[in-house]
Amino acid sequence: MKIRIIGSVASGTSVAAKARRNNEEADIRIYDRDYDISYSVCGIPYFVGDEVEDLETLNPRNPAWFKKRYNVSIQTRHEVIDIDHDNKTLTIKNLDTEETVTDTYDVLVFATGASPITPDIEGTELGHVFHVRTIQHAGAIEQFIESRKPKTATIIGAGYIGLEMAEQLTHLGIEVTLLQRSKQVMKHLDKDIADHVADTLEAHGVNLLLGQEAVRITNTDVITSSGDTIASDIVFLAVGVQPNTALAEKIGIKIGETGAIAVNEKMQTNLPDVYAVGDVAESFSVITGKPLYRPLGSTANKMGRIAGDVITGGTSAHRGILGTGIVRVFELAVGQTGMNEQEALAHGYDIETLHNIKPARAAYLGGKEIIIKAIADRATGQLLGVQAVGEEGVDKRIDVFVTAMTFGAKAEDLFHLDLAYAPPFSTTKDPVMYTGMALDNAIKKHNKLLTPKELQHRLEQGENFQIIDTRAKDQYNTSHVPEAVSIPLAELREKAKELDPKKPTLCYCNSGVTGNAAQNILRNMGFEEVYNLSGGNKNYQKYRK
Ligand SMILES: Cc1cc2nc3c(=O)[nH]c(=O)nc-3n(C[C@H](O)[C@H](O)[C@H](O)COP(=O)(O)OP(=O)(O)OC[C@H]3O[C@@H](n4cnc5c(N)ncnc54)[C@H](O)[C@@H]3O)c2cc1C
């Protein structure tokens, strides 16, 4: 069997390695138009920022290594320029010699990845403007920084790559401006969580310009849509990627609604014996079953392994993705999985939303707060999405949520997880368990939650709440929700008589726990409609800011 693979980074080499593990006889060859193979794209920002000293540690393999280890031929600087699928023939151009050769295949795999988008503005071709995608880019960026010693940098785009670059360039002592077209960083987060990231960037001196586009790049500046001129010795384009589908489209391969190649769970395209994997291929949501495109190395590797197995007779099948991601932004870890609030609403769910603020491990050992925003379906209790930010423990919590959600967990299931606990690692009831408890109570036991956004909306609609601040008086005096009265929890039973049990009532504390206790007292006293403010005053003040 002749297996031919186009693309030799994360997904293409995974196909080859798995196929070889299953089958010693197959003739496996990979073509790549670039210079490098099987490298860690994800490590490039950390090389730029000197956290990774040697570029070779991100790029440890070469075709000779692959040949020896897997008996797979890899031809770099060879671009597949044409395909005759009726005759199963490839036309390949050697980019060094300009020679064109042909090759045949029994099975063809598209692992052609994605290319960074170049915004349609003047100046992107200038020598100090860079994409961050390949080892070649990494080398060129390093050379520029070493030789030209830029003092100012503008990054266009505040997604994962833009944020990682902002952190790393700041570490190098470069003054960074981060430009983002929308009003928030990281489009997969809700704005209230993204604002924590924005605050951290600004606290580290990043000049964050939200709601602004770059309209022109000159040799010295970036001009923005609001007419600002930003001094920029170096510029990075990080506005997203587009899947490399052109060659596939030429031979009639179906493109999915996300713009990537449509594949089934065996990574097969609509053409017989043609597969697609990695950043060029569409995935689907574990929750909705609908197409989802999140071009990530984690998924690329997985898809490659599945295709390699299927091609050689295995039974692997892709089970979809949640769209999980994580990024470090200075001291903050930012993780997310599943749907955000907007996406869940757009899918037609009636959602319950919780902001859970808890120490990541015992507070008496210095445990720092983690903020978890979790969204569940009111009708079934199913968890739909989680976002988390904090200085510690975010990675672990996101992965626990991911695991639970992968198996269809409901909010109530989280409390029953037998999670590891000792004070240096967690709290007796882990923040994940609290999240489940509070969401489940809200859904089933009428411990209703109101997010700051919902509160504001309902107040704007003219609803009249009695709002009770259950914290100590001095905390109330420092900051409180407008219109709130101060009734510390210890006084609530007594003072409840002065309140109207028929009127919608909102309780809150600092972050939610005492607010919930007050809510229970009033509910048990016969108050008809009692809410707890999600994430308490802390979350509210952040939202108002
Ligand atoms: C800076 C950065 C940081 C990242 N960080 C993370 C992270 O932390 N976590 C994470 O999960 N993901 C991360 N990613 C995403 C991850 O790197 C990609 O998902 C992954 O590289 C995709 O692998 P791939 O093999 O599908 O595609 P690619 O890496 O795009 O490789 C495709 C290859 O195909 C070649 N090719 C295309 N067309 C042809 C042709 N016609 N002929 C020959 N060769 C061709 C290309 O030259 C390329 O070498 C990051 C990406 C970047 C850019």
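Good morning. The secondary structure of this protein comes to 17 helices and 30 strands, where helices (H or I, at least four residues) and strands (E, at least two) are DSSP runs numbered from the N terminus. Its radius of gyration is 27 Å, close to the 24 Å that the globule rule gives for 545 residues, so the protein is as compact as a globular protein of that length. That radius is taken over C-alpha atoms, and the rule is 2.2 Å times the number of residues to the power 0.38.

I should state the basis early. This is a predicted model: local features need pLDDT of at least 70, side-chain atom pairs count only at pLDDT 80 or more, and totals for chains, interfaces and linings use all residues. Residues are numbered from 1 along each chain as its sequence is written.

Along the principal axes, the C-alpha atoms fill a box of roughly 90 × 55 × 45 Å. Of the 545 residues, 46% count as buried (20 or more other C-beta atoms within 10 Å of the residue's own, with C-beta atoms placed from the backbone). Among contacts with a separation of 6 or more, 65% join residues 24 or more positions apart; a contact requires C-beta atoms within 7 Å.

I turn now to one sheet. It is open, has 3 strands in the order β4-β5-β6, and its pairing is antiparallel; strands pair if DSSP finds at least two bridges between them. Strands β4 (78–84) and β6 (100–104) each have a single partner strand, so one side of each is left without a neighbour in the sheet. Between β4 and β5 (residues 89–94) there are 6 bridges, and D82 has T91 in β5 as its bridge partner.

Key. A residue is buried if 20 or more other C-beta atoms lie within 10 Å of its own, exposed if 12 or fewer, and partly exposed in between; C-beta atoms are placed from the backbone. Two residues are in contact if their C-beta atoms, placed from the backbone, lie within 7 Å.
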